[in-house]
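Ready for a short walk through a protein? Open the structure in your viewer and keep the selection tool handy.

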Amino acid sequence: MREDTRRPVAENYPWSTTMDTRFADMDINRHLNNVAITRYFEEARIRFNWALIKDGGLPARPHYLVAHVAVDFLGEGSYPEPVTVTYAVGNIGRSSFRCLMGLFQSGACIALGDTVLVYRGADGPAPLPAHLRARLEAFPLKG
């Protein structure tokens, strides 16, 4: 993740959401805790999916299984400054896709996150529906 020079640039992501930090998100050193950072990434994935439904891009909530999560911690975050999580869609496979996220605070990228999501059909992994694939293709990483 960190080797891709496009990733720590907020403007390269086509979608973003801003979240407040909480006092409980700090560790003993008064930095945003690594577990809290993964929760921001999770919340952004959920908000992105809800935005696709709300905007009329999807007929119903897609059913995904999280197959892989990776995080690169690049800097320290602090309370009470809000964070912005950026989102792009990486490679899209037959039944899965990779979401690429960046966590920014005060203009600095403090973490990068990747999650592989597998589309779930009635009997397990299933091919991504054409309408879902088309919506995901509209959110590539720029740069």
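Start by selecting Glu 42, Arg 45, Ile 46, Asn 49, Trp 50, Ile 53, Arg 61, Pro 62, Tyr 64, Val 66 and Leu 117: these residues line the largest pocket. Keep in mind that you are looking at a predicted model. The pocket has a volume of about 190 Å³.

Now try colouring the lining by class. You should find 7 nonpolar, 1 polar and 3 charged residues.

Which elements each supply at least two residues of this lining? Select α1 (34-54) and β2 (64-73) to see them. Of the elements, α1 gives the most to the pocket lining, with 6 residues.

Next stop: the inside of the protein. In soluble globular proteins, nonpolar side chains tend to be buried together. Here, the largest nonpolar core has 29 residues. Select Tyr 40, Phe 48, Val 85, Tyr 87, Phe 97 and Leu 103, the ones with the most contacts inside this core. Then show the elements that give two or more residues to the core: β1 (15-19), α1, β3 (83-92), β4 (96-105), β5 (108-121) and α2 (130-137). Once again α1 gives the most, this time with 8 residues.

Zoom in on Phe 48. What does Phe 48 touch, not counting residues up to four places away in sequence? Add Trp 15, Tyr 87, Val 89, Leu 136 and Phe 139 to your view, and you have its partners.

For the last stop, select Leu 100, Phe 104, Cys 109 and Leu 112. They are among the 7 residues of a second, separate core.

Note on methods
Residues numbered from 1 in each chain as written. Predicted model: local features only at pLDDT ≥ 70, side-chain atom pairs only at ≥ 80, totals over all residues. Heavy atoms only, no water. 1 Å grid on protein atoms, 1.4 Å probe; cavity = no way out; pocket = protein on both sides within 12 Å on 5 of 7 lines; lining within 4 Å. Points joined across faces, edges and corners; volume = space filled by probe spheres on them. Helix = DSSP H or I, 4+ residues; strand = E, 2+ residues; numbered from the N terminus. Nonpolar A, V, L, I, M, F, W, Y, C, P; charged D, E, K, R; others polar. Core = buried A, V, L, I, M, F, W, Y, C linked by side-chain atoms within 4.5 Å. Buried < 20%, exposed > 50% of the residue type's maximum accessible area, 1.4 Å probe, protein only. Contact = heavy atoms within 4.5 Å.
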